[in-house]
Amino acid sequence: MSRIAVVPGSFDPVTLGHLDVIERAARLFDRVHVLVVHNPDKPSGLFPPEVRAQVIEKAVAEAGLPDSITVGTMGGGLLADYCTRVGASALVKGLRSHTDLVYETPMAIVNEHLAGVDTVFVLPRPQNAQVSSSLVRQVLALGGDVSPYVPSAVLGQVRQQP
Ligand code: PNS
């Protein structure tokens with residue numbers, strides 16, 4: 001039986017830190033669903049969810065990651081229900097700091113309670129330890145260079161923005 005994991009997130013935009021988590025999830029699991037989830041607690045940011053998913057697909061292909069990785073979006077509903085629907089036994093997330101742990105712990109407990117889905121945390125590589133989508137959005141908004149933090153697919157999409 002193949003082991004399926006979901007890597008969920010806002011991915012607005014996907015960063016090199018996210019890509020690292022996706023790559024490591026693909027090493028641990030037979031199939032990986034990268035899922036762009038609309039998070040109502042976060043401001044609608046750089047790209048709409050469908051564009052975020054396209055950018056991730058491009059970044060995954062450009063990084064030469066395995067084709068066991070698929071990318072999709074979830075417009076609403078519970079992540080736990082999505083996991084049940086696709087037969088996923090785990091969620092994979094990155095954990096950069098104790099702040100992330102405080103944020104992630106209740107979600108991990110609820111997802112396990114709702115659907116028996118465990119959350120596997122992976123620690124960032126040192127070069128990605130401080131990278132976040134919100135930092136990228138802020139640097140971009142102020143005209144800075146975000147190329148050290150994001151895959152080139154993000155830079156390409158930013159250049160296409162009006
Ligand atoms: O990248 P983010 O914004 O930190 O990801 C948070 C996300 C999207 C994974 C989280 O908000 C989520 O799981 N949303 C789906 C709705 C849901 O299932 N909520 C209840 C239990 S966590």
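A salt bridge is taken here as a side-chain nitrogen of Lys or Arg lying within 4 Å of a carboxyl oxygen of Asp or Glu. By this rule, the count in this predicted model comes to six salt bridges.

Three of these pairs are listed below with their closest N to O distances.

| Salt bridge | Closest N and O atoms |
|---|---|
| Arg24 and Asp20 | 2.8 Å |
| Asp20 and Arg125 | 2.3 Å |
| Lys93 and Glu104 | 2.9 Å |

Asp20, Arg24 and Arg125 are linked in a network of salt bridges, and Asp20 takes part both in the pair with Arg24 and in the pair with Arg125. The pair of Asp20 and Arg125 links distant parts of the chain, since Asp20 sits in helix H1 whereas Arg125 is in the loop between strand E5 (118–122) and helix H5 (133–141), 105 residues apart. Arg24 and Asp20, by contrast, are four residues apart in helix H1, and are therefore separated by about one helical turn. As for exposure, Asp20 has a relative accessibility of 5% and so counts as buried; Arg24, at 17%, also falls under the 20% limit for that class. Arg125 has a relative accessibility of 31%, and therefore counts as partly exposed.

The salt bridge between Lys93 and Glu104 likewise links distant parts of the chain, with Lys93 in strand E4 (residues 90–94) and Glu104 in helix H4 (residues 98–115), 11 residues apart. Lys93 is buried, its relative accessible area being 12%, and Glu104 is buried as well, with a value of 9%.

The backbone deserves separate attention in the loop between strand E1 (4–9) and helix H1 (16–28), where Pro13 is found. A cis peptide bond joins Asp12 and Pro13, with omega at about 5°. Phe11 lies in the loop between E1 and H1 too, and has a positive phi of about 50° although it is not a glycine. Most residues other than glycine have a negative phi, and most peptide bonds are trans. The relative accessibility of Phe11 is 3%, so this residue counts as buried.

On the surface, Leu78, Val110 and Leu114 make a nonpolar patch of about 260 Å². Of its members, Leu78 is placed in the loop between strand E3 (69–74) and helix H3 (79–86), and counts as partly exposed because its relative accessibility is 45%.

Methods. Residues are numbered from 1 along each chain as its sequence is written. This is a predicted model: local features need pLDDT of at least 70, side-chain atom pairs count only at pLDDT 80 or more; totals for chains, interfaces and linings use all residues. Side-chain values use heavy atoms; hydrogens and water are left out. Helices (H or I, at least four residues) and strands (E, at least two) are DSSP runs, numbered from the N terminus. Buried means under 20% relative accessible area, exposed over 50%, partly exposed in between (1.4 Å probe, protein chains only). Patches are made of residues with over 30% relative accessible area and no salt bridge: like charges are joined within 9 Å, nonpolar side chains (Val, Leu, Ile, Met, Phe, Trp, Tyr) within 5 Å. Accessible areas come from the Shrake-Rupley method with a 1.4 Å probe; for residues, only the protein chains shown count as cover.
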